[in-house]
Amino acid sequence: MNPLLTPFGTAPFSRIKNEHFMPAFRQAMENARKEIDDITNSEEEPTFENTIEALEFSGQHLERIASLFFNLNSAETNDTIQKIAQEVSPLLSEFNNDITLNEKLFRRVKNVFENKDKYPLTAEQYTLLDKKYKNFSRNGANLNEEEKKRLRKIDATLATLKLKFGENLLKETNKYEMHLTNEDDLDGLPESAKDAAAQLAKNKGKKGWLITLDYPSYIPFMKYARNRELRKELSMAFGSKGFHNDELDNQANVLQIANLRHERANLLGYKSHANFILEERMAETPEKVYEFLKELLIKAKPAAKQEFKELSEFAKALDGIEQLQSWDGSFYSEKLKQKRFNLDDEKLKPYFKLENVIEGVFMITERLYGLSFEEVFDVDKYHPEVKTYKIYDSDNKFVSLFYADFHPREGKRAGAWMTSFKPQFILNNKNERPQISIVCNFTKPTESKPSLLTFNEVTTLFHEFGHALHGILANTIYPSLSGTSVYWDFVELPSQILENWCYEKEALEVFARHYETEEPIPMSFVDSIKKSATFQEGMATMRQLSFGFLDMAWHAADPSGISDVKQHEVKAFEDTLLYPNNPETCMSVSFAHIFQGGYSAGYYSYKWAEVLDADAFDYFKEKGLFNREVAEKFRDDILSKGGTEKPMVLYKRFRGREPKIEALLERAGLIKKTA
Ligand SMILES: [Zn+2]
């Protein structure tokens, strides 16, 4: 019996064998295809119910299996699972393509879309209709045959170019190594970084130490190495990846990607790639993104210049540096930070025992939303380390199942994330509650010491739990609009807002207690945490803004006139420059976020989300950190609503107005709080 092919409540991990996956996928895909055929071949006139809603609830079993499988592939994988992933991924894309390219199905969807004024639709239903229609139209369903052919060609070429872009970068990264044989050259590096460099050398059968362009090797060297010439060498190698006019050069790829994206957008009726992307974002248009970036720039620039001046003076006083260069920045910043705050992870860690932090985040959500948590031991799980909880609301009604998987293991990918095994939705009058999970890679306990978190790990836990709450408290009808299924520049609001509590005395005293003495964290530490969090915030903001401007410069206008990648970039960076420009380096050719990953015309969203979370948190600060009224509004207007309405509509309902950037500027120390 294949446990994936019989209906299951929670994922039946202990009964699943690897050989169950492929047959289950195939069977579920076949069933889903039949469900789609039933919609397509219906003799009835298309209606919202028989077409849009039917499409929404088709393929549910397939989605359960897929989420279970891909969650495993991230958190507890092995060679066999990876092989299955490679086998099933093309089948799943083919399955999805068969839907978006299904002309008969599109005609029915379009019929409902064009007659939408005839139906009495709720806001949520309207959003669903719009989403389903756009899923076709944005993939070219309205184009003629000739145009469709061109679109497929563009998509295929883009896929190849992005792959090539990434491969070049990877090869460039792996090609370089700095081989050091004199220990003095590692002067300043912490022991752990030295050991890692020695290990790298040993792995390659070399004597001495190796420094590479991988972040775990590159970052500590730039931060701690006293040898300025070597920092320069490493920094130049890093900044000139894909920029050597050889077979691994990415300049032509960048130009081609930008031009094809523009052509694709035009073909679909959009002015630019950014217009195409931003149609499904809270920011909506390139003009609004520019307006946003420029507003922040005006506020951040004076602070950034002041910080840069201070840093330059500090470097000059310390080492006689006349002109601070980009390869000096992180080295002297680290020195200055230590001098100012004298705060390190080792001092803080004893106050952040994992169990206490978990209890803290639970208590904070209990005070805000009236939730209670019960650890349960009878839920099937994929690894003994995974913890499972049942979550209830204030009148003891079951809200969600919650999985938490905290420590690194072989077979788990790096980082921290929230995911779900089952979305929330309402079908046949039954509110199906979700199954939410967070996965992290926190410091493991040892025989003598419990798991003690760095402050960064503490905020990470709050961050992921914030995402989890978006899923846990979801209360929508349609699964594709539930929980975190919101526009990309809105999805970090619930996660980032929760991080704010980690900096507040009122919250810290709830859970930050010494793991041996039970003493609460000294308030001077809390003060330093807060102050160091805004250290050089002006410069950091300028850096983020420069990336945002560069991204828009590639995607918000016709790129056909651009022939010189570096020159185009220099122009985009004009207003955000702090360090002298370096003709031998180029950012665009290694800007994987926008040319390989999914962040094109979306880089601004990092700052955008910060504005939202600071502005929303300001409401709590105004009314009280644990004010139930504000919390309830946040729950009812934001968390439970998922993507059922446009984010700006939801936000305004919660806040009573559009978000303002002032709260972020105050939090970042860029402006003083006005009375
Ligand atoms: Zn996040």
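**Figure 1. Overall fold of the predicted protein chain.** Helices (H or I, at least four residues) and strands (E, at least two) are DSSP runs, numbered from the N terminus. By this count the protein chain has 27 helices and nine strands. Its radius of gyration is 26 Å, close to the 26 Å given by the globule rule for 675 residues, so the chain is as compact as a globular protein of that length. The radius is taken over C-alpha atoms, and the rule is 2.2 Å times the number of residues to the power 0.38. The C-alpha trace spans about 80 × 65 × 60 Å along its principal axes. Because the model is predicted, local features need pLDDT of at least 70 and side-chain atom pairs count only at pLDDT 80 or more, while totals for chains, interfaces and linings use all residues. Residues are numbered from 1 along each chain as its sequence is written, and side-chain values use heavy atoms, with hydrogens and water left out.

**Figure 2. Surface, burial and contacts of the protein chain.** Of the 675 residues, 54% are buried; buried means under 20% relative accessible area, exposed over 50%, and partly exposed in between (1.4 Å probe, protein chains only). The accessible surface comes to about 31500 Å², and 49% of it belongs to carbon and sulfur atoms. These areas come from the Shrake-Rupley method with a 1.4 Å probe, and for residues only the protein chains shown count as cover. Contact means heavy atoms within 4.5 Å. Among contacts between residues at least 6 apart in sequence, 72% join residues at least 24 apart.

**Figure 3. Strands β3, β4, β5 and β9.** Two strands pair if DSSP finds at least two bridges between them. Strand β3 (residues 372–376) pairs with β4 (residues 387–392) in the antiparallel sense over five bridges, and glutamate 375 has tyrosine 389 of β4 as its bridge partner. β4 also pairs with β5 (residues 398–405), again antiparallel, over six bridges. In this pairing tyrosine 392 stands opposite phenylalanine 398, and threonine 388 opposite tyrosine 403. β5 and β9 (residues 435–439) run parallel and are joined by five bridges; here alanine 404 stands opposite isoleucine 438. Seven of the eight residues of β5 are buried, so this strand is largely enclosed by the rest of the structure.

**Figure 4. The β4–β5 turn and a second positive phi.** Most residues other than glycine have a negative phi. β4 and β5 form a hairpin with five residues between them. Asparagine 396, in this turn, has a positive phi of about 65 degrees although it is not a glycine. At 60% relative accessibility, asparagine 396 counts as exposed. Glutamate 284, also not a glycine, has a positive phi of about 70 degrees. Glutamate 284 lies in the loop between α12 (273–278) and α13 (286–319) and, at 36% relative accessibility, counts as partly exposed.

**Figure 5. Surroundings of phenylalanine 620 in helix α24.** Helix α24 covers residues 605–623 and holds phenylalanine 620. This residue is buried, with a relative accessible area of 0%. Leaving aside residues up to four places away in sequence, phenylalanine 620 touches Leu368, Ile497, Trp501, Leu625, Asn627, Val630, Ala631 and Phe634. Aspartate 187 is 433 residues from phenylalanine 620 along the chain, and their C-alpha atoms are separated by 47 Å.
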